Amino acid sequence: MGDHGPDRKARLDACNLAWFNRVMKTIPVDPARFLDDLTALRRIGGDSASMGVRRRAFSSEDLAARDWLAARMTAAGLAAHFDPVGNLFGLAEGRSLLLGSHTDTQPEGGWLDGALGVVAALEIARAARESGGPAISVVSFQDEEGRFGALTGSSVWAGKLDLAAADGLVASDGLSFAQARAQLGGRVGTFVDPAQFSAFLEMHIEQGPVLDQAGEAIGVVTGIVGLRQMQITIKGQQNHAGTTPMAHRRDAFSVAANIATALPDRFANIVTPQSVWTIGQIALHPGAASVVPGRATFSLQWRDIDGDRLDRMEAAIMALLADEATRSGCEITATRLRHDLSPMPMDAGLQAILAQSAEAVVPGRWRHMPSGALHDASNVAALMPVGMVFVPSIEGISHAFEEDTAAADLVAGLAVLADAAARIG
Ligand code: HGY
Ligand code: MN
Ligand code: MN
């Protein structure tokens with residue numbers, strides 16, 4: 001795949017290396033090597049016509065990316081280790097700070113979502129080892145993007161989802177998590193003991209417009225929203241699209257459409273402008289133009305920073321489903337995603353350190369902010385103190401091939417994360 005990004009020299013010129021060398025007094029990371037690794041990773045599963053990537057969890061592209069990462073970890077002097085669910089760790093000896101994110105992507109993924117945090121972690125761990133700095137380990141969690149569940153790899157590692165339940169998760173193409181992880185073959189090792197890590201830091205693109213619109217370079221994350229998700233199935237009556245009068249239909253799609261359009265009214269007294277809900281997947285059976293669909297199955301996901309509000313949104317959804325079942329005469333069932341992804345505050349001490357690093361690297365061009373996206377840090381917070389740092393997303397676009405961030409902002413994020421890692425020590 002052609003390298004759609006600017007060439008390496010142009011990228012480095014954009015980084016103003018004189019500034020970079022002035023601020024990087026702690027762990028001497030190499031921005032060129034960092035950007036080269038990011039570009040190399042983008043090529044694995046890269047879309048030929050854009051900057052985007054396709055690396056669904058446990059796809060051949062995902063496994064190739066993990067093998068590439070394991071080799072880079074080994075070359076950096078870290079012990080590459082796959083756990084039973086495909087989380088890939090690069091382990092330093094003894095107690096260490098853990099940095100990382102994920103390398104699996106959405107079906108049409110951006111080149112930086114997750115990959116940025118993993119490659120930045122690799123560069124910082126490598127530079128720390130080269131310079132006799134603090135012990136730093138690296139992780140790429142598996143299935144953060146929810147091909148099977150939601151943040152599956154870190155949910156299992158954090159004990160929020162048991163392995164048997166994870167194995168029962170099934171992707172939309174029918175592949176089970178058990179079948180998928182069997183592809184690890186001889187790579188697989190034991191689960192890594194979280195007690196060896198002092199804390200976890202994750203750098204990530206913002207995936208929203210706030211920093212980009214403000215012209216700021218860094219977000220210090222205060223908390224991560226909670227997420228709830230249901231699979232809703234509507235069973236009506238499959239019938240002839242020409243001979244079935246409209247009044248006699250039990251059209252599963254029209255009920256699904258009613259539910260989608262009724263949600264804003266049902267949520268009106270519950271939500272804030274930051275609350276979000278999405279119907280991202282829908283399947284109609286039998287899916288033919290001349291057949292009134294007898295079955296509709298769709299995902300409904302909602303997110304908010306307040307757990308109580310998530311509960312009230314869920315109650316409103318269940319009431320709407322009951323009303324629609326009565327009105328339409330269709331059978332409506334809902335299966336809730338089992339494991340809990342509650343709103344998660346970031347560790348106050350790590351926020352303070354990240355704020356100091358942000359002020360040192362990009363004085364006055366940073367802010368504290370919540371995360372509207374979910375991240376593995378939500379799960380890791382069950383095991384150790386966690387912190388997150390954002391870099392801007394150009395025009396706020398993510399989960400799309402157009403996702404991108406300016407090279408100077410990528411390097412500023414690297415500098416902030418390295419500075420914070422050095423302060424944590
Ligand atoms: O959906 C999310 O928030 C994450 O990007 N997987
Ligand atoms: Mn992500
Ligand atoms: Mn994502």
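**Exercise 1. The bridged metal pair**

Which residue bridges the manganese ion (ligand 3) and the manganese ion (ligand 2), and how far apart do the two ions lie?

Solution. This is a predicted model, in which local features need pLDDT of at least 70, side-chain atom pairs count only at pLDDT 80 or more, and totals for chains, interfaces and linings use all residues. Residues are numbered from 1 along each chain as its sequence is written, chains are lettered from A and ligands numbered from 1 in the order in which they are written, and side-chain values use heavy atoms, with hydrogens and water left out.

Step 1. List the protein donors of ligand 3, a donor being an N, O or S atom within 2.8 Å of the metal (3.2 Å for Na, K and Ca); water is not among the atoms, so sites may look incomplete. They are Asp113 (OD), Glu145 (OE), Glu145 (OE) and His399 (NE2), at 2.1 to 2.6 Å from the manganese ion.

Step 2. Do the same for ligand 2. This manganese ion is coordinated by His102 (NE2), Asp113 (OD) and His204 (NE2), at 2.1 to 2.3 Å.

Step 3. Find the bridge. Asp113 links the two manganese ions, which lie 3.4 Å apart.

**Exercise 2. Where the donors sit in the chain**

Describe the sequence spacing of the metal donors and place Asp113, His102 and His399 in the fold.

Solution. Step 1. Read the spacings. For the manganese ion (ligand 3) the donor residues follow D-x31-E-x253-H. Asp113 is in the loop between strand 3 (96-102) and helix 5 (115-130), while His399 is in the loop between strand 16 (386-391) and helix 14 (407-424); this pair links distant parts of the chain, 286 residues apart. Helices (H or I, at least four residues) and strands (E, at least two) are DSSP runs, numbered from the N terminus.

Step 2. Turn to the manganese ion (ligand 2), whose donors are spaced H-x10-D-x90-H. His102 lies in strand 3 and Asp113 in the loop that follows between strand 3 and helix 5, so this pair ties together parts 11 residues apart in sequence.

Step 3. Check accessibility, where buried means under 20% relative accessible area, exposed over 50%, and partly exposed in between (1.4 Å probe, protein chains only). His102 is buried at 0%, and Asp113 is buried at 4%. His399, with 40%, is partly exposed.

**Exercise 3. The surroundings of ligand 1**

Which residues are around ligand 1, and which polar atoms lie by its nitrogen and oxygen atoms?

Solution. Step 1. Collect the shell, counting a residue as near if one of its heavy atoms lies within 4 Å of the molecule. The shell holds Glu144, Glu145, Gln207, Arg303, Ala373, Leu374 and His399.

Step 2. Sort them: two are nonpolar, two polar and three charged. In this sorting Ala, Val, Leu, Ile, Met, Phe, Trp, Tyr, Cys and Pro count as nonpolar, Asp, Glu, Lys and Arg as charged, and the others, Gly among them, as polar.

Step 3. Look at the atom pairs. A polar side-chain atom of Glu145 is 2.9 Å from a nitrogen atom of ligand 1. One oxygen distance is 2.6 Å, to a polar side-chain atom of Arg303; another is 2.7 Å, to a polar backbone atom of Leu374. Taken alone, ligand 1 exposes 210 Å², and the protein buries 90% of that. Accessible areas come from the Shrake-Rupley method with a 1.4 Å probe; for residues, only the protein chains shown count as cover.

**Exercise 4. Unusual backbone geometry**

Find the cis peptide bond and the residues with positive phi.

Solution. Step 1. Recall the background: most residues other than glycine have a negative phi, and most peptide bonds are trans.

Step 2. Locate the cis bond. It joins His285 and Pro286, with omega about 5°; Pro286 is in the loop between strand 10 (282-285) and strand 11 (291-292).

Step 3. Turn to phi. Asp143, not a glycine, has a positive phi of about 55°. Asp143 lies in the loop between strand 4 (136-141) and helix 6 (152-157) and is buried, at 0%. Gln207 has a positive phi near 70°. Gln207 belongs to the loop between strand 5 (197-205) and helix 9 (210-214) and counts as buried at 17%.

Note on methods:
Polar contact = N/O pair within 3.5 Å; in protein donor to acceptor, adjacent residues only side chain to side chain.
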